[in-house]
Amino acid sequence: MYIVLDIGGTSTRIASSKKLKTIDKIDKFSTIRSFDLSIKRITASIENITQEGKTQGIIIGLPGTIDKKTRRLARAPDLFSSWIHKPLTNILSKKFNCKIFIKNDTDLGGLGEVAFGAGKGHKIVGYYAIGTGLGGTRIVNKQIDVFSRGFEPGHQIINIHGEKWPSCGQYGCLESYVSGRAFYKNYGIQAENCKNEKIWNDFSKHLAQGIVNGIVLWSPDIFIIGGGFSQRAHLFLKQTRENVKKNRFNPPPIVKSKLGDKSGLYGGLHFLKTHK
Ligand SMILES: [Zn+2]
């Protein structure tokens, strides 16, 4: 049995797969503030799922920067600080005695969309996940592209006269215009309650600027918009495409994610399949 753990700021999901072709079961619960209690809950869930057999591999997706040397979470503005620098991989590998991988959750989300969702059949894919913040990744030949410090498209600057953004300390970041946190701050309403066309048009202009930059830097065959905001794509995607076309000759298709909040789980599945 293979296990994919997707630990987000709000919820934790644990998926199991026997043959790495599809997800068999998902256990979902609210992410727990205490790291020790979380470990207990997670191991109990995995034990429950794998009653019938051995755990052959585990992949963990976390919403932040992973320190490649220590294989620990180094930075995660959207997760409880009690999770930072904890030996999650060591604990689980001792407990289950199998291969364990740890990855950024947005990288896995992009990978999932390419292997099973909206990016199927495309060689070079740009992916932005818009939720509380904005993350993104580049997928090449069905693999997370190599990087030195991780992809951080949310922190590209789209306005040099912009305001300071607390989560990174920079001025005029894309994330300070295009994210759940920014939406509430800038428009005074939560995105899930907003149907105001003018607001969504303004939002789409900023997103389009970020996508144009993504296109010129990443040169993708297709651009995918995932994360919680993709559920409201009908309110902004069409205008975003039009705004991209105003700035960019012959852009690639810009589409919404197909797997929604399961893209990271499918990405983990694909990663395990290719790293057996
Ligand atoms: Zn920033």
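How many bridges join strand 2 to strand 3, and which way do the two strands run? There are 6 of them, linking strand 2 (residues 11-17) to strand 3 in an antiparallel arrangement. Keep in mind that this is a predicted model. Below is a quick tour of the sheet, the helices lying across it, and the aromatic rings.

**The sheet**
- Strand 2 and strand 3 belong to an open sheet of 5 strands, laid out in the order 3-2-1-4-7 with mixed pairing.
- At the edges you'll find strand 3 (25-30) and strand 7 (99-104), each of which pairs on one side only.
- On average, neighbouring strands here are turned by 15° against each other, ignoring direction.
- For a spot to look at where strand 2 meets strand 3, try Ala15, which stands opposite Ile26 in strand 3.
- As a reminder, strands of a sheet pair through backbone hydrogen bonds, and they can do so parallel or antiparallel.

**Helices across the sheet**
- Helix 2 (residues 88-96) lies across strand 1 (2-7), strand 4 (57-62) and strand 7, and runs at about 160° to strand 4.
- Helix 7 (residues 263-274) lies across strands 1, 2, 3, 4 and 7, running at about 140° to strand 1.

**Aromatic pairs**
- The structure has 17 aromatic pairs in total.
- One of them is Phe183 with Trp200, a tilted pair with 4.9 Å from centre to centre and 40° between the planes.
- Phe183 sits in helix 4 (residues 180-187) and Trp200 in helix 5 (residues 197-218), so this pair ties together parts that are 17 residues apart in sequence.
- Phe183 counts as buried because its relative accessibility is 0%, and Trp200 is buried too, at 1%.
- Trp200 also pairs with Phe203, this time edge-to-face, with the centres 5.2 Å apart and 75° between the planes.
- Trp200 and Phe203 are 3 residues apart in helix 5, so about one helical turn separates them.
- Phe203 is buried as well, with a relative accessible area of 0%.
- Zooming out, ring pairs link Phe183, Tyr187, Trp200, Phe203, Phe229 and Phe236 into a cluster.

**Arginines over rings**
- Arg232 lies over the face of Phe229, 5.5 Å from the ring centre, and Phe229 is one of the rings in the cluster.
- Elsewhere, Arg41 places its charged end over the ring of Phe29, 3.9 Å from the centre of that ring.

How values were computed
Residues numbered from 1 in each chain as written. Predicted model: local features only at pLDDT ≥ 70, side-chain atom pairs only at ≥ 80, totals over all residues. Heavy atoms only, no water. Pairing = 2+ DSSP bridges. Helix = DSSP H or I, 4+ residues; strand = E, 2+ residues; numbered from the N terminus. Axes fitted to C-alpha atoms, helices over the stretch in contact; angles between N-to-C directions. Contact = heavy atoms within 4.5 Å. Phe/Tyr/Trp six-rings, centres within 6.5 Å; stacked < 30°, edge-to-face > 60°. Buried < 20%, exposed > 50% of the residue type's maximum accessible area, 1.4 Å probe, protein only. Lys NZ or Arg CZ within 6 Å of the ring centre and 35° of its normal.
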